Amino acid sequence: MTEVIGNYIKGTQITTTQGDYQDVFNPATGSVSAQVCMSTTEEVDQAVNVATEAAKDWGRTPSPKRAQVMFRFKRLLEENSDKLARIISSEHGKTHDDALGEVVRGLEVVEFACGIPQLIKGTFSEQVADGIDVYSFPQPLGVVAGITPFNFPAMVPMWMYPNALVCGNSFVLKPSERDPSASLFMAELLKQAGLPDGVFNVVQGGKEAVDAILDHPGISAVSFVGSTPIAKYIYTRATSTGKRVQALGGAKNHMVVLPDADMQQVTDALMGSAFGSAGERCMAISVAVPVGDQVADELMERMTPLVKELQVGPPDDKNAAMGALITRDSLNRIEGLIQSGVDQGAELLVDGRGYKVQGYENGFFLGGTLFDKVRPEMEIYKEEVFGPVLSTVRVNDYQEALDLIHNNPYGNGTAIFTRDGDAARDFVSRIEVGMVGVNVPIPVPVAFHSFGGWKQSLFGDHHIYGPETIHFYTRMKAVTSRWPTGIKSGAVYNFPTLN
Ligand code: NAD
């Protein structure tokens with residue numbers, strides 16, 4: 001009997017649905033490992049109703065008590081990080097160590113959430129007029145939802161729910177249908193940590209479940225992370241029903257290499273950031289931009305043998321730098337893009353197509369792929385590949401590198417490698433990208449800074465986690481108060497002023 005991965009509503013797993021069941025794969029073997037429930041509108045409605053009821057008490061629970069649940073959750077996550085990493089890898093395909101890294105980066109957000117009571121204490125102004133005090137403080141929104149992508153099945157949900165919960169909201173998570181199990185494991189740990197039933201719920205599914213969330217009048221805010229077309233759709237539809245929305249989209253991240261850069265450092269950084277997690281990271285570097293032919297020639301000479309030797313394998317292969325892609329469709333799509341690069345005249349230095357792993361012949365594996373002399377009008381440049389493919393676009397000077405990045409519709413991450421402080425400072429200041437690395441290839445901000453791209457990489461006003469999370473998951477109330485001793489007799493008909 002195939003295992004069924006279901007919803008988590010009011011502290012209980014429900015493994016039946018009135019909707020369909022969809023196959024979940026182990027990408028390393030290529031075989032079906034389970035089936036996931038594709039929730040219906042009614043099932044989402046049930047989860048939202050439960051969350052609405054639970055939000056009443058949870059929102060009134062003292063904030064230090066809410067934070068204590070997160071402290072206990074943090075300890076449980078640490079104790080279970082190996083198990084969670086295995087669950088992630090079994091459905092995502094990434095190596096075990098990479099999955100552990102994802103859990104650690106998610107844990108950092110949990111740690112931040114433990115300190116939220118300090119950030120929601122509000123402000124107080126005494127005696128703003130005779131006998132009058134004013135104070136402002138944030139309150140929870142009620143029920144908020146998260147819709148998440150396949151590539152970080154634990155970390156991206158953790159960008160959302162720990163902060164939302166300590167802010168006093170209840171949460172409905174709709175994880176990716178391709179790797180749904182991590183969500184249920186985290187839900188069980190939250191319960192063990194003492195979170196009341198109904199405060200955190202999971203609805204599995206696809207478009208029907210997402211649309212039900214976007215349209216549901218009981219949900220106040222939606223956090224989304226995924227591809228740009230869907231992010232745009234989520235933003236448009238959910239804001240039209242009056243919701244607060246942050247919708248993080250796709251990316252095309254460039255690394256500029258100036259002639260004075262340390263080439264060993266550049267090579268190491270490019271290998272890790274382009275091929276780690278098989279390039280399935282929204283902050284992966286997918287375009288190398290060497291400035292000048294001399295730099296480009298040296299870079300290609302250094303990178304070619306390394307990409308050829310790159311080991312690919314199942315999650316527990318200690319020698320593997322990366323694992324399989326998420327689905328066969330994804331593998332086919334990326335192989336097609338590689339062919340388009342060849343057809344449109346890019347120089348294919350290393351071709352990862354047809355990569356076979358012994359004992360895992362049906363896995364969704366693609367070897368490291370390296371292109372030189374890619375032009376901005378080619379499909380391989382224009383599309384978000386989301387695979388282990390590095391394109392090199394040669395430019396003649398620094399300004400051309402800036403123009404290339406500015407003309408790209410995405411603005412998630414970028415990096416510059418140089419020893420020149422002036423050049424780096426100019427880049428940081430002028431580049432129209434939300435997250436910038438100086439000699440750092442994947443500049444994912446730590447949990448106490450917020451994460452977010454610009455342009456087509458984010459729709460909405462708030463970046464995710466960090467200080468901006470407080471603004472996103474709460475609403476302010478301002479109170480003006482006066483006690484009887486300060487009240488002068490007689491009605492005032494003019495607009496109230498300080499006098
Ligand atoms: P995706 O957009 O296909 O799916 C994301 C979520 O949207 C999933 O939960 C999915 O079920 C849902 N969804 C998919 N199609 C839908 C539709 N037609 N209507 C309603 N809902 C739909 O993304 P993915 O393939 O799971 O993840 C990869 C993408 O996510 C890449 O584009 C990557 O750049 C992006 N991403 C961005 C960030 C970031 O921080 N900006 C982080 C991680 C991933």
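**Exercises: the ligand site**

**Exercise 1.** Work out which polar contacts hold E384 and K174 against the ligand.

A polar side-chain atom of E384 sits 2.6 Å from an oxygen atom of the ligand. Next, K174: one of its polar side-chain atoms is 2.8 Å from a ligand oxygen. A polar contact here is a pair of N or O atoms within 3.5 Å. One note before going on: this is a predicted model, where local features need pLDDT of at least 70, side-chain atom pairs count only at pLDDT 80 or more, and totals for chains, interfaces and linings use all residues. Residues are numbered from 1 along each chain as its sequence is written, and side-chain values use heavy atoms, with hydrogens and water left out.

**Exercise 2.** Find which backbone atom meets a nitrogen of the ligand.

Go to G249: a polar backbone atom there lies 2.7 Å from a ligand nitrogen atom.

**Exercise 3.** Explain where the ligand lies relative to domain 1 and domain 2.

Start with domain 1 (3–249 + 467–479), then take domain 2 (253–438): both give residues to the shell, so the ligand lies between them. Those domain bounds come from an automatic or database domain assignment.

Notes:
A polar contact is a pair of N or O atoms within 3.5 Å; within protein, one must be able to donate a hydrogen and the other to accept it, and residues adjacent in sequence count only if both atoms are side-chain atoms.
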